[in-house]
Each structure stands twice: as structure tokens, then as C-alpha cells.
Amino acid sequence: MKVLAVGAHPDDLEIGCGGTLVRMKQQGHEIAMCVMTNGDLGHKVIPREELAQIRETEARASAAQLEAEFFMMGYSDFSVPDSEEPIARLTEVIRQVQPDFIITHPQDDYMREHSRVGELVFEASFRATVPHLYQHLTPTEEVVPVYQMESFGGVGFVPEHYVDISATLQRKLSMLREHRSQVEWLLEHDKVDVCEMVTSLARCRGIQCGVQYAEGFRERRAYLRGRPARLLP
Ligand SMILES: [Zn+2]
């Protein structure tokens with residue numbers, strides 16, 4: 001199988017579904033990661049342009065740990081437009097990757113950019129099947145199922161599916177630590193040790209499903225999106 005994970009900011013995928021992506025990689029599946037913004041507002045001191053470069057380098061280092069195909073859209077933070085343009089670009093990525101399923105943000109996350117990206121991905125994944133749109137790339141055969149990773153901190157998120165990440169939590173944290181500038185920012189701005197937050201949430205989800213550590217997911221339920229088999233590991 002092939003999974004495409006789409007996050008708003010450079011570290012969102014590691015936080016939300018890193019353990020699951022590592023598991024899928026270990027099981028021999030192919031991973032593609034797509035990040036919408038360059039993360040250029042996530043620091044107190046480093047200037048925006050310099051920070052954008054640092055965060056791209058960090059995100060690429062993390063994706064390299066998974067040997068994942070990596071896409072960076074390069075919008076500034078808080079600047080992903082609610083328009084046709086990002087939908088067209090996401091449609092192209094989906095057609096290029098031809099994923100069996102997609103993981104992205106829930107529609108009700110703590111920040112509009114997360115929620116918006118979740119919506120844009122959902123729309124693009126339908127358009128990817130329409131042959132007359134963006135004709136230079138092969139349409140996907142079927143409307144791709146979309147799974148939602150947890151909202152930030154798990155707030156208000158009730159998982160429908162759990163993935164056991166007991167064996168991959170350390171790799172998830174190792175990928176997350178590649179985002180050094182962001183780990184610093186979250187400590188300064190949010191007063192949160194993000195590695196500790198991620199570990200605590202994974203333990204909480206693990207307790208809910210009877211394993212050491214887990215990640216939680218919901219399915220975006222809609223016409224043509226269902227499948228008769230489980231796609232997550
Ligand atoms: Zn984010």
C-alpha cells in the first residue's frame with residue numbers, strides 16, 4: 001500500500017501520525033509526506049526567511065528517516081489560502097502519489113490552518129478522480145479514503161481507530177526531535193515539552209485500547225470513501 005500524509009506545518013505529521021507512518025514503513029508500505037507551510041512564524045528570534053529554510057531542512061531530515069517521498073508547498077504560516085490554488089496543487093500531489101489512503105488534520109482542530117488543510121485535502125482527493133481537471137496527470141481510479149489524525153493535544157478528539165505504536169514510539173520521537181527549532185518554540189510559546197506531550201497522549205490512547213502506546217484516528221465518513229477492510233496497520 002501507499003499512504004499520503006498531509007500536514008499544515010512542518011512538524012504536524014510527526015506529532016499526529018509519526019508512529020503509524022513508521023509502522024507502515026516497517027511493514028513494507030510506501031510513505032509520502034506533504035507539508036503545506038514553511039513554518040516561518042514559529043520562532044521568537046530567528047527571522048522568517050532564515051527560519052523557513054531551517055524548518056524545511058528539519059522536515060526533510062525527519063522524512064529522510066522514513067525514506068518518505070516529500071512534498072513542501074511552501075506557503076507562509078497562516079497563509080494557506082481558502083481558494084482553488086491549494087486544492088489544485090494538492091490534487092496534483094494526490095495524482096502523483098496515487099495513495100491507497102490519506103491521513104490529514106480533523107476539521108475541528110485548534111487552529112484554522114489545520115482545519116482548513118483537512119478540508120482542502122478532502123476536496124482535492126475527490127477532484128483527483130475527475131479526468132477533465134488538470135489533465136497532465138493521471139486521475140486516481142477511486143475516491144481515496146481520508147483518515148483524520150488527532151487534534152493537537154487530543155483535545156475533543158474521540159478516536160474511532162487505534163494503531164499500536166508501542167514498538168515505534170521512539171522512532172516517532174526521533175523524527176520529532178529533528179524539528180529542533182519547533183521543539184524550542186513550543187517550549188517557549190506554549191510552555192509544552194512536545195515530546196512529553198506526544199508520549200503522554202500516546203500512553204493515554206494505549207490505555208484506551210490495551211497496549212503500551214497508541215495513536216488515534218477517525219475516518220472522514222462520506223460517499224465513496226468507505227472500504228470493506230481496515231487500511232490502518
Ligand atoms: Zn501545525
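Which residues in helix 1 meet which residues in helix 5? Keep that question for the helix stop of this tour, which goes through a predicted model.

**Stop 1: the sheet**

Begin with the strands. Seven of them form an open sheet with mixed pairing, in the order 3-2-1-4-5-7-6. Select 69-75 and 161-164 to see the edges: these are strand 3 and strand 6, and each pairs on one side only. From one strand to the next, the twist averages 25 degrees.

Now select residues 2-7 and residues 30-37. These are strand 1 and strand 2, paired in the parallel sense over six bridges. To look at one bridge, pick Val6, whose partner in strand 2 is Cys34.

Strand 1 also pairs with strand 4, in the parallel sense and over three bridges. Here, select Leu4 and its bridge partner in strand 4, Ile102. Carry on from strand 4 to strand 5, where the pairing is parallel over three bridges. Opposite Ile102, in strand 5, stands Val146.

**Stop 2: Ile102**

Stay on Ile102, which lies in strand 4. Is Ile102 buried or exposed? Ile102 is buried, because 26 other C-beta atoms lie within 10 Å and the cut-off for a buried residue is 20 or more.

Show the contacts of Ile102 next. Leaving aside residues up to four places away in sequence, Ile102 touches Leu4, Val6, Val121, Ser125, Val144 and Val146. Draw a distance from Ile102 to Val6: the two are 96 residues apart along the chain, and their C-alpha atoms are separated by 7.5 Å.

**Stop 3: helices across the sheet**

Select residues 48-65. This is helix 2, which lies across strand 2 and strand 3 and runs at about 160 degrees to strand 3. Then add residues 84-97, helix 3, which lies across strand 1, strand 2 and strand 3, at about 175 degrees to strand 3.

Two of the Ile102 contacts, Val121 and Ser125, are among the buried residues of helix 4. Select residues 112-127 for the whole of helix 4: it has 16 residues and reaches 22 Å from its first C-alpha to its last, close to the 22 Å expected at 1.5 Å a residue. Colour His114, Val117, Gly118, Leu120, Val121, Phe122, Ala124 and Ser125, which are buried in helix 4. What covers these residues includes strand 1, strand 2, helix 3, strand 4 (101-104) and strand 5 (146-149).

**Stop 4: helices 1, 5 and 7**

Select residues 12-26 and residues 169-177, which are helix 1 and helix 5. Their axes come within 8 Å and cross at roughly 130 degrees. Helix 1 and helix 5 are therefore oblique to each other, and their crossing is right-handed. This brings back the opening question: Glu14, Ile15, Gly18, Gly19 and Val22 in helix 1 meet Leu169, Arg171, Lys172, Met175 and Leu176 in helix 5.

Keep helix 5 and add helix 7. The axes of helix 5 and helix 7 come within 10 Å and cross at roughly 155 degrees. That makes helix 5 roughly antiparallel to helix 7. The contact is made by Leu169, Leu173, Leu176 and Arg177 of helix 5 and by Val194, Cys195, Val198, Thr199 and Ala202 of helix 7. Helix 5 passes helix 7 in a right-handed crossing.

Still in helix 7, pick Cys204. Cys204 counts as partly exposed, with 13 C-beta neighbours inside 10 Å. A distance drawn from Cys204 to Val117 spans 26 Å, C-alpha to C-alpha, between residues 87 apart in sequence.

**Stop 5: two loops**

Move to the loop between strand 3 and helix 3, where Phe78 is placed. Its phi is near 65 degrees, a positive value in a residue other than glycine. Phe78 is exposed, with 12 other C-beta atoms within 10 Å.

Finish at Lys191, in the loop between helix 6 (180-189) and helix 7 (194-209). Phi of Lys191 is near 60 degrees, again a positive value in a residue other than glycine. Lys191 counts as exposed, with 7 C-beta neighbours inside 10 Å.

Methods
Residues numbered from 1 in each chain as written. Predicted model: local features only at pLDDT ≥ 70, side-chain atom pairs only at ≥ 80, totals over all residues. Pairing = 2+ DSSP bridges. Helix = DSSP H or I, 4+ residues; strand = E, 2+ residues; numbered from the N terminus. Axes fitted to C-alpha atoms, helices over the stretch in contact; angles between N-to-C directions. Contact = placed C-beta atoms within 7 Å. Expected span 1.5 Å × (residues − 1). Parallel < 35°, antiparallel > 145°, perpendicular 65-115°, else oblique. Left-handed = near helix turned anticlockwise from the far one by under 90°.
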